[in-house]
Amino acid sequence: MIIGLLKETGSEKRVAMLPEVVSGLIERKVEIFVEEGAGETAYQNDESYKKAGAQVVSRKEVLEKAEVLIQIQPPETDLVESLKKEQIWISQYNPLWNTDLVKAFISKGMVSFSLDSVPRITRAQAMDVLSSMATVSGYKAVLEAASLLPSFFPMFMTAAGTIRPANVLILGAGVAGLQAIAISRKLGAQVQVFDVRSAVKEEVMSLGAKFVEVEGAREDAAAGGYAVEQTDDFKKRQQEAINEKAIKADVVIGTAQIPGKKAPVLIPNDVVEKMKPGSVIIDLAASTGGNCELSKDNEIVEHHGVRIVGQSNYPAQMPTDASKMFGKNLFNFLALMIDEEGQLQLDFEDEIIKGTCITRDGEVINERVKSMLDSKNE
């Protein structure tokens, strides 16, 4: 089997596999074709891939000869059009949001896998790219907030007086939120956290943060640990609690998202206008609309002295370690579909392979994506 590693486009600086992962796959009797320059932005040159046993070739040759094509970002329209029905596509392409791409794969009749759909079960933890990349995002979000804030994070007692610690409000206590709590606390800030899932309260408190609790949140065991849509009454009480905390915060970090839906707006315009000048909002949900009403993805907006950073791809700013983590997750996933002779063996009875596969034989086979498309077609 030949696996083709494609070079990312645009501002993406990660690469789906570092040479160390390539060598591991070659040990499993797989051939790897790497597009020229694929690892350069992650500080991996072509020679390092050759030493790992890969063949470094042109993009055209990768697309012509590879049975499985791997990338981090979703493929662009012209790339999808050039793919062959018998090829398999693997990337992280957010099928619940990027439904046009799902339809393009359906029309091609291709098998496609989206790594952000790996089932959240114990056996699949080593393949969970969402958690790996959220760890990077939570870490980088706090560092950027600290660099932009015109005051210190920790408390200082000096001859010139006492500097009070920064107040940080974190919206969402998923992996990114929990990492943001840990880094904020290490930097000496006081941290408060909001999340609709009561199950995360203990984790939040164990990291030294205060949990902002609003009674009456809906939780759904079938959501796989993700947040779900809430009632109007809860949203009203939730907003009142968040408004009160946000106005007093020096830093707000928004990580709250609902798969397949627009991110909930938790910091409206009028709240931003009541925040202290110099405050910073880091919005990790900017690509799906943002937790702040004023967020713009990949931009910094200043409003009434408050800087709002819309940033949904912090992992691209830490390409070496982010690529290492992504590649290890990918290796563990690929290991499920490579037999002892290095051939492709797709077992759709396997819960992980079936759950991660989005399209096959001109149909959507992922149940959550299928339901999303059906609801949009009604």
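## Central sheet, aromatic pairs and selected loop residues

In S12, Ile-253 is the bridge partner of Ile-170. The model that shows this pairing is predicted. Strand S9 (residues 167-171) and S12 run parallel and are joined by 4 bridges. S12 also pairs with strand S13 (residues 280-283), again in the parallel sense and over 4 bridges. Here the bridge partner of Gly-254 is Asp-283 in S13. Between S12 and S13 the chain passes through helix H10 (residues 269-274), and this β-α-β crossover is right-handed.

Strand S12 comprises residues 251-254, and both of its faces are covered. In a regular strand the side chains alternate between the two faces of the sheet. Val-251 and Ile-253 lie on one side of S12, Val-252 and Gly-254 on the other, and all are buried.

### The sheet and its helices

These strands belong to an open sheet of 7 strands, ordered S11-S10-S9-S12-S13-S15-S14, with mixed pairing. Its edge strands are strand S11 (210-212) and S14, each of which pairs on one side only. From one strand to the next the twist averages 20 degrees.

At the S11 edge, strand S10 (residues 190-194) pairs with S11 in the parallel sense over 3 bridges. Within this pairing, Gln-192 stands opposite Lys-210 in S11.

Helix H6 (residues 129-148) packs on the sheet and touches S12, S13, S14 and strand S15 (306-310). The direction of H6 makes about 155 degrees with that of S13. Helix H9 (residues 232-248) lies across S9, S10, S11 and S12, and runs at about 155 degrees to S9.

Which residues does Ser-132 contact, leaving aside its neighbours within four places in sequence? Ser-132, a residue of helix H6, is in contact with Met-325 and Asn-329. The relative accessibility of Ser-132 is 12%, so Ser-132 counts as buried.

### Aromatic pairs

A pair of aromatic rings is described by the distance of the centres and the angle of the planes. The count of aromatic pairs in the model comes to 4. Two of them are set out below.

| Pair | Centre to centre | Angle between planes | Class |
|---|---|---|---|
| Trp-89 and Phe-105 | 6.5 Å | 35 degrees | tilted |
| Phe-113 and Phe-333 | 5.6 Å | 70 degrees | edge-to-face |

Trp-89 lies in strand S5 (residues 88-91) and Phe-105 in helix H5 (residues 99-108), so their pair ties together parts that are 16 residues apart in sequence. Trp-89 and Phe-105 are buried.

For the edge-to-face pair, Phe-113 is in strand S6 (residues 111-114) and Phe-333 in helix H11 (residues 319-334), so the parts tied together are 220 residues apart in sequence. Phe-113 and Phe-333 are both buried.

Another ring contact involves a charged residue: Arg-360 lies over the face of Phe-348, at 3.8 Å from the ring centre.

### Tyr-93 and its surroundings

Trp-89 and Phe-105 form one aromatic cluster together with Tyr-93. Where does Tyr-93 lie? The loop between S5 and H5 holds this residue. With a relative accessibility of 1%, Tyr-93 counts as buried, because the limit for that class is under 20%.

Not counting residues up to four places away in sequence, Tyr-93 touches Pro-74, Asn-98, Leu-101, Val-102, Phe-105, Ser-112, Phe-113, Ser-114, Asp-116 and Ile-358. Among these contacts are Phe-105, a member of the aromatic cluster, and Phe-113, which pairs with Phe-333. Tyr-93 and Met-337 are 244 residues apart in sequence, and their C-alpha atoms are 20 Å apart in space.

### Positive phi at two asparagines

Most residues other than glycine have a negative phi, and most peptide bonds are trans. Asn-94 is not a glycine, yet has a positive phi of about 50 degrees. Asn-94 is placed in the loop between S5 and H5, and is partly exposed, with a relative accessible area of 31%.

Asn-298 likewise has a positive phi, of about 65 degrees, without being a glycine. The position of Asn-298 is in the loop between S13 and strand S14 (299-303). Is Asn-298 buried or exposed? The relative accessible area of Asn-298 is 54%, so this residue is exposed.

Notes: Residues numbered from 1 in each chain as written. Predicted model: local features only at pLDDT ≥ 70, side-chain atom pairs only at ≥ 80, totals over all residues. Heavy atoms only, no water. Phe/Tyr/Trp six-rings, centres within 6.5 Å; stacked < 30°, edge-to-face > 60°. Buried < 20%, exposed > 50% of the residue type's maximum accessible area, 1.4 Å probe, protein only. Lys NZ or Arg CZ within 6 Å of the ring centre and 35° of its normal. Pairing = 2+ DSSP bridges. Right-handed = clockwise from strand over helix to strand, strands pointing away. Axes fitted to C-alpha atoms, helices over the stretch in contact; angles between N-to-C directions. Contact = heavy atoms within 4.5 Å.
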